[in-house]
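Me: Could you take a close look with me at one part of this structure, and tell me how the rest fits around it? I'm in my first year, so please keep it relaxed.

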Amino acid sequence: MISLRISLSILIWLAATSLASAAEHASVYFGCVSCHGTNGEGNEAKRAPRLAGQHASYLEKQLEQYATGRRGEHQRDANARQMTLIAPLYLGSERRAALAAYIAALPDIPFLARIKGDLGKGQKHYVRCEGCHGKSGQGDPDAVVPRLGGMSDWYLLQRLSLIRDGIHPFEPYNAGMLLSLEGLSDEDLRDLVAYVVSLSGR
């Protein structure tokens with residue numbers, strides 16, 4: 001009987017600890033809800049991309065760049081400039097890690113694509129990308145390579161355009177990105193994005 005009481009006490013304690021931890025992580029995400037949505041589904045009208053389904057390692061890296069001022073300085077990068085307004089909230093690495101982990105655990109609800117393009121041409125362009133981002137656009141969390149498949153198409157188009165035009169903070173992989181996007185027109189990028197978001201990302 002005593003053993004049963006002890007086991008029940010442990011279970012109650014574990015449940016309470018788990019709920020407290022979940023509540024703490026959810027509170028970290030509270031500042032993101034108004035733009036990115038309760039489930040990280042994104043909001044094009046607010047220029048807030050989908051976050052759900054993205055790798056925690058990549059999310060944490062981008063939060064670090066916002067918090068340290070490496071992203072958000074260029075006038076053309078309007079999305080990043082908005083993020084710099086709340087970046088001071090994520091100066092601590094533990095806070096960034098907690099937020100990234102919470103977002104990565106959100107339900108991966110399929111995204112409704114809006115960008116139209118030639119999927120055949122897009123697939124040919126994607127050959128340049130699949131070495132890093134994978135055949136399904138799944139990315140690589142260990143290498144901090146973002147998932148592309150199934151993410152916000154309008155945001156990917158904007159981001160690829162900025163990288164192609166050299167408007168993006170320097171990172172080791174950006175040199176390869178610049179080479180991969182070299183010579184692609186705006187129409188080519190639309191074809192590429194239309195193909196990429198048709199991939200599962202899984």
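**Unpaired sulfurs and the space around them**

Reply: Let's start with Cys32: its sulfur is 8.8 Å from the closest cysteine sulfur, the one in Cys35, and that is too far for a bond. A disulfide would need the two sulfurs within 2.5 Å. Bear in mind that this is a predicted model, so we're reading a computed picture. Cys129 tells a similar story, since its closest cysteine sulfur belongs to Cys132, 8.8 Å away, again too far for a bond. The disulfide count therefore comes to zero by the 2.5 Å rule.

Are these two cysteines buried or exposed? Cys32 is buried, with a relative accessible area of 7%, and Cys129 is buried as well, at 13%.

Cys129 is worth following further, as it is among the residues that line the largest cavity. It shares that lining with His133, Leu148, Leu160, Met177, Ser180, Leu181, Leu192 and Val196. Helix 9 and helix 10 (186-196) are the elements that give two or more residues to this lining, and helix 9 gives the most, with three. How much space is in there? About 70 Å³. Only one cavity of 30 Å³ or more turns up in the count. If you're wondering how anyone finds a hole like that, rolling a probe the size of a water molecule over the atoms shows where empty space is left.

Now for Leu160. Besides lining the cavity, Leu160 is one of the buried residues of helix 8. The others are Asp153, Trp154, Tyr155, Leu156, Leu157, Gln158, Arg159, Ser161, Leu162 and Ile163. Because eleven of its twelve residues are buried, helix 8 is largely enclosed by the rest of the structure. Its length works out too: at 1.5 Å a residue, helix 8 should span 16 Å, and its end C-alpha atoms are 16 Å apart, which agrees. Just after helix 8 comes Gly166, with a positive phi of about 80°.

Helix 8 also leads us to the open space in the model. The largest pocket has a volume of about 930 Å³. Which residues are closest to its centre? Of the 47 that line it, those are Tyr58, Gln62, Tyr66, Arg71 and Tyr155. Several elements give two or more residues to the lining: helix 2 (33-36), helix 3, helix 4 (78-83), helix 5 (93-104), helix 7 (130-133), helix 8 (153-164) and helix 9 (174-181). So helix 9 shows up twice on our tour, at the pocket and at the cavity, where it gives the most to the lining.

Tyr58, Gln62 and Tyr66 from the pocket's centre are buried residues of helix 3, together with Leu59, Leu63, Gln65 and Ala67. Helix 3 (residues 56-67) has twelve residues and reaches 16 Å from its first C-alpha to its last, close to the 16 Å expected. After it comes Gly69, with a positive phi near 80°. Helix 5, another contributor to the pocket, also has twelve residues and a reach of 16 Å, close to what is expected. Its buried residues are Arg96, Ala98, Leu99, Ala100 and Ile103.

A quick word on the loops. Most residues other than glycine have a negative phi. Arg47, in the loop between helix 2 and helix 3, has a positive phi near 55°. It is partly exposed, with a relative accessible area of 34%. Val144, in the loop between helix 7 and helix 8, likewise has a positive phi near 55°, and it is partly exposed at 25%.

Finally, step back to the whole chain. It has ten helices and zero strands. Of its 202 residues, 41% count as buried. Among contacts between residues at least 6 apart in sequence, 68% join residues at least 24 apart.

How confident is the predictor? The chain averages a pLDDT of 82, and 81% of the residues score at least 70. Over residues 3-22, though, the pLDDT is below 50, and beyond near neighbours in sequence that stretch has zero contacts in the model.

Methods:
Residues are numbered from 1 along each chain as its sequence is written. This is a predicted model: local features need pLDDT of at least 70, side-chain atom pairs count only at pLDDT 80 or more; totals for chains, interfaces and linings use all residues. Side-chain values use heavy atoms; hydrogens and water are left out. Helices (H or I, at least four residues) and strands (E, at least two) are DSSP runs, numbered from the N terminus. The expected span of a helix is 1.5 Å times one less than its number of residues. Buried means under 20% relative accessible area, exposed over 50%, partly exposed in between (1.4 Å probe, protein chains only). pLDDT is the predictor's confidence in each residue, from 0 to 100. Contact means heavy atoms within 4.5 Å. On a 1 Å grid over the protein atoms alone, a cavity is a set of points where a 1.4 Å probe fits but cannot get out, and a pocket is an open set with protein on both sides within 12 Å along at least five of seven lines; lining residues have an atom within 4 Å of a point. Grid points are joined across faces, edges and corners, and a volume is the space filled by probe spheres set on the points.
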